[in-house]
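Work through the exercises below with the sequence and the model at hand. Each task is followed by a solution in steps.

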Amino acid sequence: MAYAAFRSIGAYIPPKIMTNFDFEKIIDTTDEWITKRTGIKERRIAENDINPSDMGAEASKQAIQRAGIAKEDIDLVICATVTPDYLCMPSTACLIASKLGLPPVQAFDVSAACTGFVYATSVAKAFIESGMKKNVLVVGAEKYTSILDYSDRATCFIFGDGAGAAIISATDDKEEAIIDVNCSSDGNYDDLIKTPGGGSKHPCSQEVLDAKMACIKMKGNETFKLAVKTLTSDVEIMMEKHGIKNEDIKHFIPHQANYRIISAVGKALGLNDEQTVVTVDKYGNTSAASIPMAMNYAYEQGKIKSGDMVLFDAFGGGLTWGSALFPFSPKS
């Protein structure tokens with residue numbers, strides 16, 4: 001039987017930094033207020049001519065190199081994004097494949113907001129375990145600054161740009177395998193996080209543009225309460241299913257939305273600060289890119305080693321949520 005192994009991680013971090021003090025100049029806020037509510041101190045901003053596919057390709061190069069495979073060995077590219085280069089087509093995954101110089105390969109996008117990278121990981125696992133693919137490039141790439149209303153005091157300071165990527169490959173060694181990925185959704189809560197305009201329901205028009213309906217809208221308080229409850233229960237079910245105890249988790253890598261959510265979920269799961277990877281203070285919320293960017297940060301800090309048990313946990317617009325449990329299994 002073929003199993004799926006999480007082989008490598010990579011990221012692209014835009015060099016431009018926007019601090020809370022920069023926001024003090026454009027909206028009615030303070031560094032103290034933003035920090036207290038979210039834990040965010042700064043976020044990265046992509047330049048105008050840098051698109052999600054560009055960032056995704058750079059992160060992918062790093063992941064491919066670290067996996068020790070040739071780019072020609074990749075037989076599937078999945079990109080998780082809700083800020084694609086183009087609204088409808090082509091997919092950002094196709095553009096990433098082109099920019100990497102891959103031979104013709106299956107490529108498509110996954111739209112699951114902040115849970116996107118976990119959703120894409122589940123798809124990669126399924127393709128590999130079915131025997132259809134052997135080396136899958138999974139990317140989370142977002143340019144959230146392209147859908148922000150900088151007059152919206154409730155959302156504009158939360159988000160940033162960036163990309164992360166991983167190689168998930170076939171293995172016959174069950175000890176290397178991804179243990180489980182669980183994803184779900186509930187469209188009854190679609191109104192909590194959404195971009196109301198720009199799609200077929202409210203096509204692009206002057207009215208849509210004037211009302212900034214193509215920008216993200218979020219009901220923060222309602223989302224916070226639901227996120228903590230859902231993220232906690234989802235992981236508890238998975239850990240109980242596989243007989244995993246909280247002390248077995250070496251690295252808890254949650255979606256980097258808000259430090260208060262991360263702290264509340266970690267506490268509910270009995271996970272301590274040493275187990276929890278936090279980058280929301282550095283990068284803000286980068287949606288589908290946040291988990292791979294956070295994992296890459298911990299990896300480059302020398303904290304994630306071969307065989308370490310990793311737990312992903314994410315929650316996003318849709319509403320969607322998902323978790324993944326696996327040993328980090330680099331080839332070398």
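**Exercise 1.** Are Phe117 and Phe312 buried or exposed?

*Solution.* The model is a predicted one. Both Phe117 and Phe312 are buried. For Phe312 the relative accessible area is 0%, and buried requires a value under 20%.

**Exercise 2.** Classify the ring pairs that Phe312 makes with Phe6 and with Phe117, and locate the partners in the sequence.

*Solution.*
Step 1. A pair of aromatic rings is described by the distance of the centres and the angle of the planes. Centres must lie within 6.5 Å, and planes over 60 degrees apart count as edge-to-face.

Step 2. The structure holds nine aromatic pairs. In one of them, Phe6 and Phe312 are 6.0 Å apart centre to centre with 80° between the planes, which is edge-to-face.

Step 3. Phe6 belongs to strand S1 (residues 3-12) and Phe312 to strand S12 (residues 309-316), so this pair ties together parts 306 residues apart in sequence. Phe6 is buried, with a relative accessible area of 0%.

Step 4. Phe117 and Phe312 have ring centres 6.1 Å apart and planes at 65°, so this pair is also edge-to-face. Because Phe117 lies in helix H5 (residues 116-129) and Phe312 in strand S12, the pair ties together parts that are 195 residues apart in sequence.

Step 5. Ring pairs join Phe6, Phe117, Phe312 and Phe326 into a cluster.

**Exercise 3.** Which residues of the largest nonpolar core touch the most other members, and which elements give two or more residues to it?

*Solution.*
Step 1. This core has 38 residues, and those touching the most other members are Phe23, Ile216, Ile249, Phe252, Val265, Phe315 and Leu325.

Step 2. Two or more residues come from each of helix H7 (220-242), helix H8 (259-269), S12 and strand S13 (320-327). H7 gives the largest share, seven residues.

Step 3. Take Ile216 as an example: not counting residues up to four places away in sequence, its contacts include Tyr144, Leu148, Phe159 and Ile193.

Step 4. A second, separate core has 35 residues, among them Val110, Val118, Phe326 and Phe328.

**Exercise 4.** What is the nearest side chain of opposite charge to Asp234, and how far away is it?

*Solution.*
Step 1. Asp234 is found in helix H7 and is buried.

Step 2. The nearest side chain of opposite charge is Lys241, 10 Å away. A salt bridge needs a separation within 4 Å, and Asp234 has none.

Step 3. Beyond its neighbours within four places in sequence, Asp234 contacts Asn182, Asp313, Trp321, Gly322 and Ser323.

Terms used. Residues are numbered from 1 along each chain as its sequence is written. This is a predicted model: local features need pLDDT of at least 70, side-chain atom pairs count only at pLDDT 80 or more; totals for chains, interfaces and linings use all residues. Side-chain values use heavy atoms; hydrogens and water are left out. Rings of Phe, Tyr and Trp (its six-membered ring) pair if their centres lie within 6.5 Å; planes under 30 degrees apart count as stacked, over 60 as edge-to-face and the rest as tilted. Helices (H or I, at least four residues) and strands (E, at least two) are DSSP runs, numbered from the N terminus. Buried means under 20% relative accessible area, exposed over 50%, partly exposed in between (1.4 Å probe, protein chains only). A nonpolar core is a set of buried Ala, Val, Leu, Ile, Met, Phe, Trp, Tyr and Cys residues joined through side-chain atoms within 4.5 Å. Contact means heavy atoms within 4.5 Å. Lys and Arg count as positive and Asp and Glu as negative; His and the chain ends are not counted.
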